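Q: I have a structure open and would like to learn how to read it. Could we go through it together, one feature at a time?

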Amino acid sequence: MMIKKFAAAALILGGLTASATQAATKWHMPTPYGDANLPTQIAHQFAEEIKTGTGGELDITVHSGASLVKHPEIPRAVRTGQVQMGEVFIGIMGNTHPVFKHDNIPFLATNFEDSEKLWKAAKPEIEKQLDKEGMVLLYTVPWPAQSLYTKAPVSKLADLQGLKMRAYSPSTSRLADLMNTTPTTVQVPEIPQAFSTGIIDAMITSPSTGVNGQAWDYLSHYTDVKAWIPKNVVVVNKRAFRRLDKETQQVILTAAANAEEKGWNGVRAQATKDTATLAQNGITVTEPSPELMTELQKIGEIMIKEWKEEAPEEVGAILNQFYQ
């Protein structure tokens with residue numbers, strides 16, 4: 001009789017343990033940008049959709065604003081399993097392999113239609129490289145086109161010579177060099193202080209970054225050069241993903257597809273809205289002069305050529321598909 005009681009107790013405790021294990025799957029997702037940014041808002045919606053779709057069995061905490069892991073360290077954190085999932089600006093990974101630079105090349109794709117075409121061309125190579133690094137691609141969210149912020153009007157490249165230009169990826173560092181400016185690495189949360197203390201004098205970034213950082217407090221001009229349209233990418237640790245059952249994996253993939261659609265649709269309206277907000281807050285918003293555009297496009301041609309030389313096979317495949 002006593003043996004039967006112990007056996008029953010063991011079964012009950014075992015069942016409780018199993019239920020707790022099933023209900024306690026907790027993942028962490030660091031993101032580099034604050035909650036006011038569209039990609040972060042979509043990340044929160046993505047996590048909530050997964051929680052709902054799994055009946056709470058998979059609960060993903062979004063750690064925004066680089067609060068858990070600093071931006072440049074997010075890919076390594078996901079790769080090593082320090083966190084299960086993360087969001088990163090694709091160009092940050094440019095030193096890992098040249099294919100990650102595809103959307104940081106000036107004047108290769110400057111409108112959303114071309115940017116979508118470029119992404120379709122680059123996606124197979126991106127997935128290959130991520131797989132080699134132990135990660136699975138989930139979705140992307142584009143930014144508005146990157147344009148020029150300065151403290152004074154700019155009509156030609158000579159107006160920028162000698163300035164300290166913010167850089168945030170290998171490609172933007174190279175661009176700053178070719179513009180005869182000094183590349184200075186500054187991440188998004190540090191931009192206001194960097195301008196205020198003279199660490200940087202100019203930057204090329206999206207209208208959204210300018211609005212969220214209240215750029216009107218430390219600069220006065222926005223020249224809408226629309227140099228390129230970069231993206232954030234959300235990735236998951238391959239081993240962590242494969243340990244999930246097929247049903248849960250499908251919930252994640254469905255939520256990822258929904259997030260990507262929201263991103264590509266939402267960014268168009270966001271770009272228009274944020275550019276208007278810059279002007280409403282006193283920043284002078286202007287179209288670039290023909291001279292400036294000609295000079296910048298020549299730099300773009302140099303960078304496309306250099307990019308292809310870095311990895312002729314992979315980059316060549318992307319460019320061939322893009323130009324078809």
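Q: Let me start with a single residue: is Gln214 buried, partly exposed or exposed?
A: This is a predicted model, so keep in mind that we are reading computed values. The general idea is to look at relative accessible area, where buried means under 20% and exposed means over 50%. Gln214 has a relative accessible area of 40%, so it is partly exposed. You will find Gln214 in the loop between helix H7 (207–212) and strand S9 (221–223).

Q: What should I notice about the phi of Gln214?
A: Here is the general idea: most residues other than glycine have a negative phi. Gln214 has a positive phi, near 50°, and is not a glycine. Phe107 is another residue to look at, with a positive phi of about 65° although it is not a glycine either. Phe107 sits in the loop between S3 and H4.

Q: Is Phe107 buried or exposed?
A: Use the cut-off again: under 20% counts as buried. Phe107 has 19% relative accessibility, so it is buried.

Q: Where do glycines with a positive phi turn up next to helices H4 and H9?
A: Gly134 comes just after H4 and has a positive phi of about 80°. Gly282 comes just after H9, and its positive phi is about 100°.

Q: Now for the helices themselves. How does the span of H4 compare with what is expected?
A: The idea is to count 1.5 Å a residue and set the result beside the distance between the end C-alpha atoms. H4 has 21 residues and should span 30 Å; its end C-alpha atoms are 29 Å apart, so the two agree.

Q: Where does H4 bend?
A: A bend is read as an angle between the axis before a residue and the axis after it. In H4 the bend is about 45°, at Ala122, and the proline Pro124 follows within four residues.

Q: Which residue caps the N-terminal end of H4?
A: Look for a side chain that reaches a backbone nitrogen at the start of the helix. Here that residue is Asn111, with a side-chain oxygen 3.2 Å from the backbone nitrogen of Glu113.

Q: What do the buried residues of H4 pack against?
A: They pack against S4, S10, H9 and H11. Among these buried residues are Phe112, Trp119, Ala122 and Leu130. The list also includes Ser115, Glu125 and Gln129.

Q: Can we read H9 in the same way, and what is its reach?
A: Helix H9 covers residues 246–280, which is 35 residues. From first C-alpha to last it reaches 49 Å, close to the 51 Å expected. H9 bends by about 30° at Val267. At its start, a side-chain oxygen of Asp245 comes to within 3.1 Å of the backbone nitrogen of Glu247.

Q: Which residues does Thr275 touch?
A: Thr275 is in helix H9. With residues up to four places away in sequence left out, Thr275 touches Pro207, Tyr222 and Val285. Its relative accessibility is 19%, so Thr275 counts as buried.

Q: What about a lysine: is Lys231 buried or exposed?
A: Lys231 is buried, with a relative accessible area of 1%. Lys231 lies in strand S10. Its contacts beyond four places in sequence include His102, Asp103, Trp119, Trp143 and Trp264.

Q: How do I read a nonpolar core, and which residues touch the most other members of the largest one?
A: In soluble globular proteins, nonpolar side chains tend to be buried together. The largest nonpolar core here has 55 residues, and Leu108, Leu130 and Met179 touch the most other members. Among the elements that give two or more residues to this core are H4, S4, S10 and H11. H10 provides the largest share, seven residues. For Leu130, contacts beyond four places in sequence are Met93, Phe100, Met135, Leu137 and Val235. A second, separate core has 28 residues, including Val62, Phe112, Ala145 and Val267.

Q: To finish, what does the whole chain look like in numbers?
A: The protein chain has eleven helices and eleven strands. Its C-alpha trace spans about 95 × 45 × 30 Å along the principal axes. Of its 324 residues, 52% are buried. The accessible surface is about 14700 Å², with 53% belonging to carbon and sulfur atoms.

Methods:
Residues numbered from 1 in each chain as written. Predicted model: local features only at pLDDT ≥ 70, side-chain atom pairs only at ≥ 80, totals over all residues. Heavy atoms only, no water. Expected span 1.5 Å × (residues − 1). Bend = angle between axes of the 7 residues up to and from the residue. Polar contact = N/O pair within 3.5 Å; in protein donor to acceptor, adjacent residues only side chain to side chain. Buried < 20%, exposed > 50% of the residue type's maximum accessible area, 1.4 Å probe, protein only. Areas by Shrake-Rupley, 256 points an atom, 1.4 Å probe, with all protein chains shown as cover. Core = buried A, V, L, I, M, F, W, Y, C linked by side-chain atoms within 4.5 Å. Contact = heavy atoms within 4.5 Å.
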